[in-house]
Each structure stands twice: as C-alpha cells, then as structure tokens.
Amino acid sequence: MLTKEQNEQLTQVGAGTPVGELLRRYWHPIAIAQELTPDRPTKFIRALGEDLVLFRDKSDRVGLIQDHCAHRGASLLYGRVEERGIACAYHGWLYDTSGSCLECPAEPAGSMFHLTVKVRAYPVQRFAGLYWMYMGPAPAPALPKYDVLARPDGRRQITVFPNLDCNWFAAAENAVDPWHLQILHQDQPRSTRRPVNTTRGYVADIEEQDFYLTSYGIMKKRVYKDGRIEEHPMIFPTHLRTGSLWLRTPIDDTHTWQVTVAFRRSDDGSLVDPTDEEPEVSYLAPVKEPADGLHPFTRFNFYAPWGQILTQDMVMWETQGLISNRPEERLAASDKGVVLLRELMFQEIEKVQRGLDPLGVIRDQNHAIIDTNLDNERGRASGIATPTVEWRAPGLEHVPAEQLASLGYNRPG
Ligand code: FES
Ligand SMILES: [Fe+2]
C-alpha cells in the first residue's frame, strides 16, 4: 500500500515531477518511422504530458518541437515542411529541428526579431523502425542497444496496440507480477490443457517465483515444478522482454502508448542495419466498444481474437482506473515483485534528484549490443502458450491504415 503522495510520485509524468524527471533520463519510442512520409511529414505526439509535433523536413532531418507556435500558439502540426525546417501555417514563422526560429516573414525587412525566438525541441533518433525521443538534460545518453532492437542478424516486426487508457505504471507493475500468468491467462484457446480449478488456474505448476536485479532492470524468474525455468527481464523503467520487447511510453498521466518489437533471425544469415530498417508493422484493432470509452462505460472484449493474453492484460490495467488507487490496495506476499519495483523506483528517483544517472542509463555511445538472453527464451517450452505476438498468429487482425482514424488511432499519441 502506498500513501496518496507516493502514488502521485509514481504516476505523474510531467516535467518537474519525481517520475517525470526520472523518465526524462531515458530514450522513449514515440512513433513508427514509416508513419512520417513526404505526403504526411508531420505527426502530433503527446509524450510525458507534453504536446509536440514530429516532422521530417525536405532535407530529411527529423525534429520534435512543441506543438504550439511561439507566435500566437497555432499548431505546428499543420506547418509546411521545407528544406530548412517547418513553417507555421498561420504567419510562416520557420523553425529548424533544434527549435530555432529562422525567419518571421511578415516582419519588416532586415528585422532580426526571429533571433529572439525559440521553441522547445528534443533530440530524436530513428532506430529499429521507431523514432525515439530524449527529453532530459544534455548530453543525451546512448540509446541502449538491447538485442531485440539492435541485432543485425535478422529483421524486426512491430505491433502497435490501441492506446492504453491508463497510467503507465499499471503496465510496469504487470511486468513484475508473475503469478497472474497462471491465473489470468489460464484459458487460452491454443493451450492443450484446461485447469481443474479455475480459481487456482495453474498455480500448482509453480515451485517458485523469484526476482533479481540486473544492470538494466529486474529479472523475473519463474521456476516450474517440472524443472523448467522462465526468465523475463523488466527493462527499467518502461520495457519488458518476453519473446518480444514490449515498449511503453507514457502519453500523459492517464494514457500510455504501447508497441512490441519482435526479432526474427534471418534464415540465410543476411544482415540488417537497424538504424534504417523498415520493419513490417501491424496495428491492432481496439479491444473495447466504444473504443475510447472508460470502464465501466465501455465493454472490453476479454477474448479478443487477435491475442487473448494481450487483451486480458490490458483489461486488468484499464479496469484499475485511469490511475490505480494504490492507497486502497491490499498487497500480499505474492506481490514481492511489485514491491521491489516500487522500491527501485523511489531509489532511482532519489538518484536523479542527487544528479546521478539512474539504472540502465548508458553513456558509451558505442556500447556493445546488450544481451537479454533472448536465444535462451526461444529454447523454453511452456505448458501455457507463449504470451507474445512474436509471429503473427493466424487470425491476427491487421487494420488498414485508412481505417485507423475510426478506430481511435487519431487520439493523442
Ligand atoms: S501563430 Fe505561428 S506564425 Fe503566427
Ligand atoms: Fe499478462
């Protein structure tokens, strides 16, 4: 159980808040790289509570700047991109990718006024088919080369989820909550077994659930009575690696963007450069009706055809509320991982407040690929079908881009 103040500390993502500042020490994915095209060179992004515009200028430089023009606040989403940057549609104030204003065309000839104008701008990198942003103090750390993102011996596949209508920390806690696998996900269609007792699910299969710290987060270790072991790293503070890498970026305090990246090794040994790779991308249909409704004023499809495990998790997160009411919860011994994560969060918040780099921040821009033990993951068999969307299952619903607006994808983020 947390106090109201502690719960706010863990969940508020804006600039100047404890977690907001912690999260601003990491690179976060914010968009699918292929979504920025010459025909559609701007995209609205809300991330960590800030409203921004991602754009690609005609010199192929990508920028991330505040949505509101410095002049009188019109949205730069509708700006015209040109060789030098993006020009606000209203009066043409032109910004480059660093946020500097290069021109205010309606000002008197020879005016140097534009030199006094700057908008908020953040560094952006393209990697593994995604655009990543960094909002923290300079210099920016390295974008960590986790194996799923960086291995050159194969290709990646990205799956975009409907935005989660809940705070990011509900998903983070789920990553260190191993018992729910045996209970929540007990009745998958692909499973060859059925539990004898639906209250207990497959709890009796488990000898031990354990956790240990790694250089990049918390390893969740599940030991089965038959000797099998599963280990999934929670990559602090926002990722989880199962068979795929789960990436979650807080949109604001009550919405979260989620994508998975799956890695598939090349059959022929060919190499792929993740810095300009264009992975195959799938967009998943909403899991509730109405698609932008909130519990209890929406009905979730607990058994959505495109991935029951995936939707069941989302239902459990969203139905806790926009922000889980942790002062009212009743934690028990089996919530060891959740407690560990919260302790780690408070510890890392304090590090940031003392001016130190938090867990997993890497300064060496040329660091080696980080092995999260992905290959071993493949070797394991589970009594329960693997909870990933790693290879597109038959029936996985692919939503054509033109339908997305009607499915809630036009919402912030
Ligand atoms: S509001 Fe952007 S140039 Fe005037
Ligand atoms: Fe789950």
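**View 1. Salt bridges across the predicted model.** The model holds 27 salt bridges, each a side-chain nitrogen of Lys or Arg within 4 Å of a carboxyl oxygen of Asp or Glu. Side chains of opposite charge can pair when their charged atoms come close. One of the bridges links Asp 153 to Arg 265, with the closest N and O atoms 4.0 Å apart. This is a predicted model, in which local features need pLDDT of at least 70, side-chain atom pairs count only at pLDDT 80 or more, and totals for chains, interfaces and linings use all residues. Residues are numbered from 1 along each chain as its sequence is written, and side-chain values use heavy atoms, with hydrogens and water left out.

**View 2. Arg 46 and its acidic partners.** Arg 46 forms a salt bridge with Asp 51, and their closest N and O atoms are 2.6 Å apart. Arg 46 also pairs with Asp 252, at 3.4 Å between the closest N and O atoms. Arg 46 is partly exposed, at 25% relative accessibility. Asp 51 is partly exposed as well, at 23%. Here buried means under 20% relative accessible area, exposed means over 50%, and partly exposed lies in between (1.4 Å probe, protein chains only).

**View 3. Where domain 1 faces domain 2.** Domain 1 spans 30-127 and domain 2 spans 143-407; the bounds come from an automatic or database domain assignment. Their C-alpha centres lie 33 Å apart. In contact are 12 residues of domain 1 and 20 residues of domain 2, counting heavy atoms within 4.5 Å. About 1300 Å² is buried between the domains, and carbon and sulfur atoms give 62% of that area. Buried area is the accessible area (1.4 Å probe) that two parts lose on being put together, summed over both. Two salt bridges join domain 1 and domain 2.

**View 4. The iron ion (ligand 2) and its donors.** His 180 (NE2), His 185 (NE2) and two OD atoms of Asp 313 coordinate the iron ion (ligand 2), at 2.1 to 2.3 Å. Donors are N, O and S atoms within 2.8 Å of the metal (3.2 Å for Na, K and Ca); water is not among the atoms, so sites may look incomplete. The donor residues follow the spacing H-x4-H-x127-D in sequence. Angles among the four donor atoms run from 59 to 144 degrees, and the site is irregular. Four donors count as tetrahedral if all angles lie between 85 and 135 degrees; four count as square planar and six as octahedral if opposite donors are over 155 degrees apart and all others between 65 and 115; anything else is irregular. His 180 is buried, at 15% relative accessible area. His 185 is buried too, at 2%.

Technical notes: Chains are lettered from A and ligands numbered from 1 in the order in which they are written.
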